[in-house]
Amino acid sequence: MKVRIAIELTDLQGWLKNIISKYHFENQDYDLLSDIYEQMCVHSSPYAMYRINHRMTGISMIDDSQVAMVALTLGSGIDAMKERFARQGQLSEGYMLDCLANELLLVLYKEFNKNYAKFHRRYVQRYVFIGDEISPAAIPQILSDIKGIKPDKSEHSVTEDSQPEFKEILREQEDIRANEYGVLTPSKSVVFYAILSDNPNQICEGICTGCGNVLCDNRVEEYRQLAGLMLEENNKKSPQGAMNYGYMRIFGA
């Protein structure tokens, strides 16, 4: 299933000021950050694709639970903006865009949780990211499973050859793609498993250090968030070994 997700920031000013503090921008950068965010609102197309998992993974937490395979993205428009800034030599604007997009992706998790509960009356209890137990190389197969694309050519398979209209469906579904190493396109995308619950009191608030549930497995120490969000132009080396692949995808490392 593919669902467009509307991201609504109730306190945009506070959100931008938090980004200024978190990424050590100057207060006078507020107007430029606000302008870039407005451009992002025009060019981004956030959505989620998901499907109930029926494939055994060998991980009991996934195999013994009702689980949705999920792919989230802010859309290819963010990449187009980044390329435009790079062509024009606007390195500061490109860095600001990355920071804003990473934070917006965090908001997208919360919005997905709300949307899933609204449509299905099932509640996201926690996430299981691609990491040591599931190789990033498995991401192309997970995406194919989410899209319902079958690799074989049997008479029961849905392929471009068996249905003339499938080519258009495939073009729409392949907005989120992955190469053999699990690198996703658009870049501000992530793939994960969502553990589901019937209990609304167990709903996950999303990934953030401000979450009130201090025992939640999704909670990430702030130093890891900041380390993951360091970009090359900071001329610092991010301790990626401290985070699995899923968290690196979230925080842009």
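Here are a few exercises on this structure, each with a worked solution.

Keep in mind that this is a predicted model, where local features need pLDDT of at least 70, side-chain atom pairs count only at pLDDT 80 or more, and totals for chains, interfaces and linings use all residues. Residues are numbered from 1 along each chain as its sequence is written, and side-chain values use heavy atoms, with hydrogens and water left out.

**Exercise 1. The sheet**

Work out in which order the 5 strands of the open sheet are arranged, and which strands are at its edges.

Solution.
- Start with the elements: strands (E, at least two residues) and helices (H or I, at least four) are DSSP runs, numbered from the N terminus.
- Two strands pair if DSSP finds at least two bridges between them.
- The order that results is 1-2-3-7-4, with antiparallel pairing.
- Strand 1 (2–4) and strand 4 (123–129) are the edge strands, as each pairs on one side only.
- On average, neighbouring strands are turned by 30° against each other, direction ignored. The axes are lines fitted to C-alpha atoms, for helices over the stretch in contact, and angles run from 0 to 180 degrees between N-to-C directions.

**Exercise 2. Walking across the bridges**

Follow the bridge partners from valine 3 into strand 2 and onward into strand 3.

Solution.
- Strand 1 pairs with strand 2 (residues 47–52) over 3 bridges, and valine 3 has alanine 48 as its partner there.
- Strand 2 is joined to strand 3 by 6 bridges; the partner of alanine 48 in strand 3 is leucine 72.
- Between strand 3 and strand 7 there are 7 bridges, and phenylalanine 192 in strand 7 stands opposite valine 70.

**Exercise 3. Strand 3 and its surroundings**

Why is strand 3 described as largely enclosed by the rest of the structure?

Solution.
- Take the cut-offs: buried means under 20% relative accessible area, exposed over 50%, and partly exposed in between (1.4 Å probe, protein chains only).
- Strand 3 (residues 67–73) has 7 of its 7 residues buried, so it is largely enclosed.
- Check each side: Val67, Met69, Ala71 and Thr73 cover one face, while Ala68, Val70 and Leu72 are on the other, and all are buried.

**Exercise 4. Serine 197**

Decide whether serine 197 is buried or exposed, and list what it touches.

Solution.
- Serine 197 belongs to strand 7 (residues 189–197).
- Its relative accessibility is 10%, so serine 197 counts as buried.
- Leaving out residues up to four places away in sequence, serine 197 touches Arg122, Tyr123, Gln125 and Gln202, where contact means heavy atoms within 4.5 Å.
- The side chain of serine 197 also reaches the backbone nitrogen of asparagine 199 at 3.0 Å.

**Exercise 5. Two helices**

Describe how helix 1 and helix 2 pack, and which residues meet.

Solution.
- Helix 1 (residues 12–22) and helix 2 (residues 30–43) pack at about 120°, their axes 10 Å apart.
- From helix 1, Leu12, Gln13, Trp15, Leu16, Lys17 and Ile20 meet Tyr30, Leu33, Ser34 and Tyr37 of helix 2.
- Sorted by class, this contact has 7 nonpolar, 2 polar and 1 charged residues. Here Ala, Val, Leu, Ile, Met, Phe, Trp, Tyr, Cys and Pro count as nonpolar, Asp, Glu, Lys and Arg as charged, and the others, Gly among them, as polar.

Technical notes
Polar contact = N/O pair within 3.5 Å; in protein donor to acceptor, adjacent residues only side chain to side chain.
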